[in-house]
Protein chains: 2
Amino acid sequence: MTQLENRTFDEIAIGDKIQAEKTLTERDILLFAEVSGDVNPVHLDAEYAAGTLFKQRIAHGMWTGAQISALLGVQMPGPGTIYLGQNLSFRAPVYLGDTIEFELTVSDKRDDKKIVHFQCKASNQHGKTVASGEAQVIAPTEKIRLPRPTLPNITIG
Amino acid sequence: MTQLENRTFDEIAIGDKIQAEKTLTERDILLFAEVSGDVNPVHLDAEYAAGTLFKQRIAHGMWTGAQISALLGVQMPGPGTIYLGQNLSFRAPVYLGDTIEFELTVSDKRDDKKIVHFQCKASNQHGKTVASGEAQVIAPTEKIRLPRPTLPNITIG
């Protein structure tokens with residue numbers, strides 16, 4: 001996709017869904033540790049993690065939150081969205097190599113303030129819910145189409 | 001700090017606070033866009049952002065969430081923490097160069113399940129609250145001290 005196109009408030013209906021899939025990599029964990037400052041060893045140190053109840057390294061919980069927020073920012077509603085709030089329950093760990101499916105479903109719309117509510121769910125490749133919650137946004141009222149911004153190359157190590 | 005030391009459930013009291021300060025840089029925005037996939041132009045494109053109600057580029061909302069989660073993971077409780085959930089309300093934009101103060105205050109403890117609740121607040125250099133919410137964690141019961149993990153060098157462009 002070289003274009004971003006938003007979904008305006010009027011184009012969004014209760015029950016509409018967006019989905020995306022992402023596999024957690026070493027790179028994801030390192031970038032998230034860097035940008036958050038969260039160097040808790042359960043994310044970074046395999047030997048330490050082996051001695052925890054998780055038995056292996058896990059993703060930062062907010063990595064999952066970040067993926068959910070990205071769907072709101074680029075897919076639906078996309079450009080012009082104002083992010084009002086997010087609830088998240090972290091229900092199971094995300095391990096390196098896990099493929100997480102993110103699904104956001106429009107659960108409510110408020111015409112007066114153009115507010116849209118989304119039920120948010122993240123599940124792993126075994127069908128287990130790893131996180132769930134709710135997002136609230138103000139959806140844009142004007143149609144926006146524009147070239148998708150590109151990022152500079154980011155290298156680790 | 002070259003060491004990480006946790007605060008066990010018993011060492012945490014209602015009213016305890018942790019604080020940290022961070023200034024939002026271009027690098028933060030680019031890293032967060034990369035790790036989340038959120039390339040919404042309000043974060044990346046100054047010209048586009050100038051035409052929005054924000055008038056300039058803003059941080060990803062979940063960047064603020066990520067900083068809050070990092071305080072739980074490295075400061076209090078720190079290593080051994082299990083992150084159960086997070087609520088966030090995004091109340092005002094965070095602009096490039098803003099210095100955000102994050103403050104987490106222990107608001108409740110549940111002895112039976114070792115659950116600790118934190119009130120979370122992020123404020124900018126003008127004293128305006130940019131985000132607030134609540135976190136729930138299971139705090140560790142065993143003391144952990146260990147060397148602070150270091151990250152590889154990450155370069156952009």
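Ten strands of this predicted model form an open sheet in the order β2(A)-β4(A)-β5(A)-β6(A)-β3(A)-β3(B)-β6(B)-β5(B)-β4(B)-β2(B), with antiparallel pairing. The edge strands are β2 (17-23) of chain A and β2 (17-23) of chain B, each of which pairs on one side only. From one strand to the next, the twist averages 20°.

Several of the strand pairs can be described by their bridges.

| Strand pair | Sense | Bridges | A pair of opposite residues |
|---|---|---|---|
| β3(A) (residues 82-90) and β6(A) | antiparallel | eight bridges | N87(A) and E134(A) |
| β5(A) (residues 115-123) and β6(A) | antiparallel | nine bridges | I115(A) and I138(A) |
| β3(A) and β3(B) (residues 82-90) | antiparallel | five bridges | G85(A) and S89(B) |

Strand β6(A) spans residues 129-138. Seven of its ten residues are buried, so β6(A) is largely enclosed by the rest of the structure. In the sheet order, β6(A) stands between β5(A) and β3(A). The hairpin of β5(A) and β6(A) has five residues between the strands, and G127(A) in this hairpin takes a positive phi near 85°.

The sheet passes from chain A to chain B where β3(A) is followed by β3(B). These two strands pair over five bridges, and G85(A) stands opposite S89(B) there.

The helices also bring the chains together. Helix α1 (residues 26-36) of chain A packs with helix α4 (residues 61-74) of chain B at an angle of about 85°, and their axes are 9 Å apart. Because of that angle, α1(A) is roughly perpendicular to α4(B). On the α1(A) side the contact involves F32(A), V35(A) and S36(A), and on the α4(B) side W63(B), A66(B), Q67(B) and A70(B). By kind, the residues of this contact are five nonpolar, two polar and no charged.

Helix α1 (residues 26-36) of chain B has eight of its eleven residues buried, so α1(B) is largely enclosed by the rest of the structure. Its buried residues are D28(B), I29(B), L30(B), L31(B), F32(B), A33(B), V35(B) and S36(B). Just after α1(B), G37(B) takes a positive phi of about 85°.

Which residues touch the most other members of the largest nonpolar core? Among its 94 residues, they are W63(A), F118(A), W63(B) and F118(B). Beyond its neighbours within four places in sequence, W63(B) is in contact with V35(A) of the other chain. Within chain B, W63(B) is in contact with K22(B), L24(B), D28(B), F32(B), V94(B), I100(B) and F102(B). Of these, D28(B) and F32(B) are buried residues of α1(B).

Key: Residues numbered from 1 in each chain as written. Chains lettered and ligands numbered in written order. Predicted model: local features only at pLDDT ≥ 70, side-chain atom pairs only at ≥ 80, totals over all residues. Heavy atoms only, no water. Axes fitted to C-alpha atoms, helices over the stretch in contact; angles between N-to-C directions. Helix = DSSP H or I, 4+ residues; strand = E, 2+ residues; numbered from the N terminus. Parallel < 35°, antiparallel > 145°, perpendicular 65-115°, else oblique. Contact = heavy atoms within 4.5 Å. Nonpolar A, V, L, I, M, F, W, Y, C, P; charged D, E, K, R; others polar. Core = buried A, V, L, I, M, F, W, Y, C linked by side-chain atoms within 4.5 Å. Buried < 20%, exposed > 50% of the residue type's maximum accessible area, 1.4 Å probe, protein only. Pairing = 2+ DSSP bridges.
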